[in-house]
Amino acid sequence: MTKYIGKSVKRVEDKRFLTGQGKYTDDIKMPGMVYAYILRSPYAHATINSIDVEAASKADGVVAIFTGNDIPESIAGVPCGWQVDFKNGDTMKEPPHPLLVRKKVRHVGDGVAIVIANSKAQAKDASELVDVDYDIHDAVTDPKAAAQDGAPLVHEGVPNNMAFDWELGNPKEEVAAALASATHVTELDFVNQRMVPNAMEPRSAIGHYDTAYDKYTLYTSTQNPHLTRLLMCAFVLGLPEHKVRVVGPDVGGGFGSKIFHYAEEALVIWCSKQILKPIKWTCDRSEAFLTDAHGRDHVTNAKMGFDADGKIVALQAHTYANMGAYLSTFAPAVPTYLHGTLLQGLYTTPKINVDVTATFTHTNAVDAYRGAGRPEATYLLERLIDLAALEMDVDPAELRLKNFIAPFDGVEQEGYVTQVALQYDSGNYAPVLNKALEMVGYEAFREEQKNLSNGKLLGIGFSTYIEACGIAPSAVVGSLGARAGLFESAQVRVQPTGKVSVYSGSHSHGQGHETTFAQIVADRMGIALEDVEIIHGDSDSVAFGMGTYGSRSLAVGGSAIVKSIDKVLEKGAKIAAHLLEASSDDLEYEGGKWTVKGTDKSVGFGDVSLTAYVPHNYPEGLEPGLDFSSFYDPTNFTYPFGAHIAIVEIDKETGYTKLKRFIAVDDVGNVINPMIVDGQIHGGLAQGIGQAMHEGAIYDDTGQLINGSYMDYCMPRADDFPSFEIDRTVTPCPHNPLGVKGAGEAGAIGSTPAVVNAVIDALWKGGHKVKDIKMPLTPERVWTAMQD
Amino acid sequence: MANKISVMVNGKQCTGEVEARTLLSDYLREDLSLTGTHIGCDTSSCGACTVHVNGKAIKSCTMLAVQVDGSEVTTVEGLSTNGSLHPIQEGFKEEHGLQCGFCTPGMMMMATDFLKSNPNPSEKEIREALEGNFCRCTGYHNIVKSIQHAAKKMQGVEA
């Protein structure tokens, strides 16, 4: 019986946001609060000779100024949470990432001093009076150039700037032999450009040390408060964890960039103890451009071989992955276990080898950005297969259908074991593509494309993807280098009146957990949605949490809630059996009451709840109360998949490319709230299409981010998009109780190559046989590609 | 340095002293604690800080607080009265026009002004009207539908 699950229930969290009552970190004010501004390096690579803060210290309103030298040696830098070893077994290079630089700055935006004043304006004014004397050095920004002999070094003791190298799959010789025997090999050199996440809420952190309780509170715009607390306490500041509370209040979008523990969080906490005042730091947008961990930035060569029937026989990929100047929290996992492991895609490719070289450069750190590694893997596969179809003059949809893995449900049929270390949970791939082809009207489109005579070119591009989500089994990720578990916790607390408070370790920053989770609880417990409240984001109320990223909240966090509900109902049945003078085996629970099977004898959830807290007439030996916690650690990742189709129109005179239609058919397993899932897909599509057509961080040779503002970085706007045409198929996940797979990243993973493939298709049909155009596909680049 | 200003904000007369350089957005957030107006950039590009000054939508980070002396300002907190939702708020709720909620106040303030001059807009006109407001969560898809929803509702109400 489902009253709520599967329904587009309107969001319960909306009202506070619609009326201006959302509480984001920067909205919080405390008595005596002071404001911090961080002075940052204007150079990408320089030695600090001296820092003079004397004049700044005397400026109006200044409370304190700290530089790197003021921070004790005992305080470590920001740690990395994922270890990847070199091919030869050596541990990755992990140079320190100080809270404030003492000697050498390594990217524009590296923190040099924190200036604290009575207002943010005063702190900014004073920071201009801080005199830093720099010796400027050459910089390197490209991940491939950084690996070459003679490139400027980012860290002493890291030769060729190599953080690690890594390989996965079949032996290279076997792949090379298969490619040599192939009838056709498509080879492509391409760049998956660097992206700036651009959550609309700039990062913000408040540090408050309370002398009365000897306790610290950090409010921060984070996707995972508990991990931030763990990293900050155990690895940076050496604080006792039980004396630190971390709160992620309303958070204005994350897209990966707010997963990580940042230096500013530890800085405001440490400084608050020094000056005994609450300190707020909120970054400007231009500061966010320089310091929010970026995404992507891969330079890749890949080859895909086909036999005479068009079956893929082998794939070889080599990628240079840019780590930036320091290793951010999850950075090493992105080009390796979230990218290399996805190169099976939806295809039966029998031989796959992937080789990754991760390098340091004089740029801001790169880490997980919506999709994290999986968009890069999808881009690699889907560009190659679409280009191969053009080169071999076969239909790109048919070529995919021919190579798809056969359907398997993960129950009757085993999960599919890939050449690159994963076992897919369940999949049925042809229906998503066939549905998308139907929606687009494929045959009619090809006719229209042939007969075009208006000075334009039309193109259609495909992308069929798989992703590994719901990250995931702790033992598995541990064996792959994660320095944390990736379970989730949930507590279901039934109040004496039968109202239910749920404490989740997942963190909502736009995903609508307060609604989706409540739908699950209300349905499973047979109570009204209004009687459920979801509490998240506060380490003092939620037992523990691994946070929200990797499309994991519902699959892992939701499953933890289900476990706790099961425990509540099991104990509830014992109380009900006592009250009904029956055996709990003879009871059934439905519609919020326990009934003795085959009779009209029943007792309601509210009565049982009250009895649990007023245990006068109560089962012997049973503890009072109705309140259970659970930790859910899944047995596998989940594997959503889908098919995306883009249709573009190119103006031959100007190269201006218009996205005319975008069709997405995604399979994210079971769906709890279709409205919210659709919204997640829409947003992902916009980010993926944004990468293809508009966005990309540009560093010049000296390491300056030359488009580090909204005047320069092309954020996608409403009129850049058509109305999206989306649909879904449902292939339940066989290994979690909800059958869900996750929907947060799908849109961003599938869409980028579909758009680029559409432009390449248009150009080929117009007689320009170009293999690649660098993203973003600006009119200038598309026009240039047509001038052959 | 302080300048005395008097502004009618959400129907209430507010009098205070501000620095000449204080932006309207900072005045609303810091001096009046109206934190529904958000600041998403430093280049007047994102529109999260959009409010109404004398009935017209403006980005409050492009105006100084001293410039609104004697004016009427409406922020998202003043959109609805009597505890009921304004049609634009209802539209955003019904059509799932918001996710993280950060751009939402600016979007709604922009849209209400737009619908005054164009009560029955096409999808294309709505998308063009949103040029100066960024959203990173929704892909704008449901924001367009939310504004269409509000347009219909407002026409119905006024008819």
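# Chain B: fold, domains and contact with chain A

Chain B has 159 residues and a radius of gyration of 16 Å, which agrees with the value near 15 Å that a compact globule of that length would have. The model is predicted. The C-alpha trace of chain B spans about 50 × 35 × 25 Å along its principal axes. An assignment splits chain B into domain 1 (2–78) and domain 2 (87–158), and 43 residues of chain B are in contact with 42 residues of chain A.

**Overall make-up of chain B**

- The secondary structure of chain B consists of 5 helices and 5 strands.
- Along the sequence these elements run in the pattern β-β-α-β-β-β-α-α-α-α.
- Of the 159 residues, 58% count as buried.
- Among contacts in chain B with a separation of 6 or more, 60% join residues that are 24 or more positions apart.

**The two domains of chain B**

- Between the C-alpha centres of domain 1 and domain 2 of chain B the distance is 22 Å.
- Where they meet, 14 residues of domain 1 of chain B are in contact with 11 residues of domain 2 of chain B.
- On the domain 1 side, the elements that give two or more residues are strand S3 (50–53) and strand S4 (56–59) of chain B.
- S3(B) gives the most to this side, with 3 residues.
- By class, the domain 1 side has 6 nonpolar, 7 polar and 1 charged residues.

**B:His86**

- B:His86 sits in the loop between strand S5 (72–74) and H2 of chain B.
- B:His86 counts as buried because it has 20 C-beta neighbours inside 10 Å, and the cut-off for a buried residue is 20 or more.
- Apart from neighbours within four places in sequence, B:His86 is in contact with B:Leu79 and B:Ser80.
- B:Ala150 is 64 residues away from B:His86 in sequence, while their C-alpha atoms are 8.7 Å apart in space.

**The side of chain B that touches chain A**

- In the contact between the chains, 43 residues come from chain B and 42 from chain A.
- Helix H2 (87–94), helix H3 (104–117), helix H4 (123–129) and helix H5 (141–158) of chain B are the elements that give two or more residues to this side.
- This side of chain B has 18 nonpolar, 16 polar and 9 charged residues.

**A helix of chain A**

- Helix H15 (residues 553–580) of chain A has 28 residues and reaches 38 Å from its first C-alpha to its last, close to the 40 Å expected at 1.5 Å a residue.
- Just after H15(A), A:Glu581 has a positive phi of about 55 degrees.

Terms used
Residues numbered from 1 in each chain as written. Chains lettered and ligands numbered in written order. Predicted model: local features only at pLDDT ≥ 70, side-chain atom pairs only at ≥ 80, totals over all residues. Contact = placed C-beta atoms within 7 Å. Helix = DSSP H or I, 4+ residues; strand = E, 2+ residues; numbered from the N terminus. Nonpolar A, V, L, I, M, F, W, Y, C, P; charged D, E, K, R; others polar. Expected span 1.5 Å × (residues − 1). Buried ≥ 20, exposed ≤ 12 C-beta atoms within 10 Å, placed from the backbone. Rg over C-alpha atoms; globule rule 2.2 N^0.38 Å. Domains from an automatic or database assignment.
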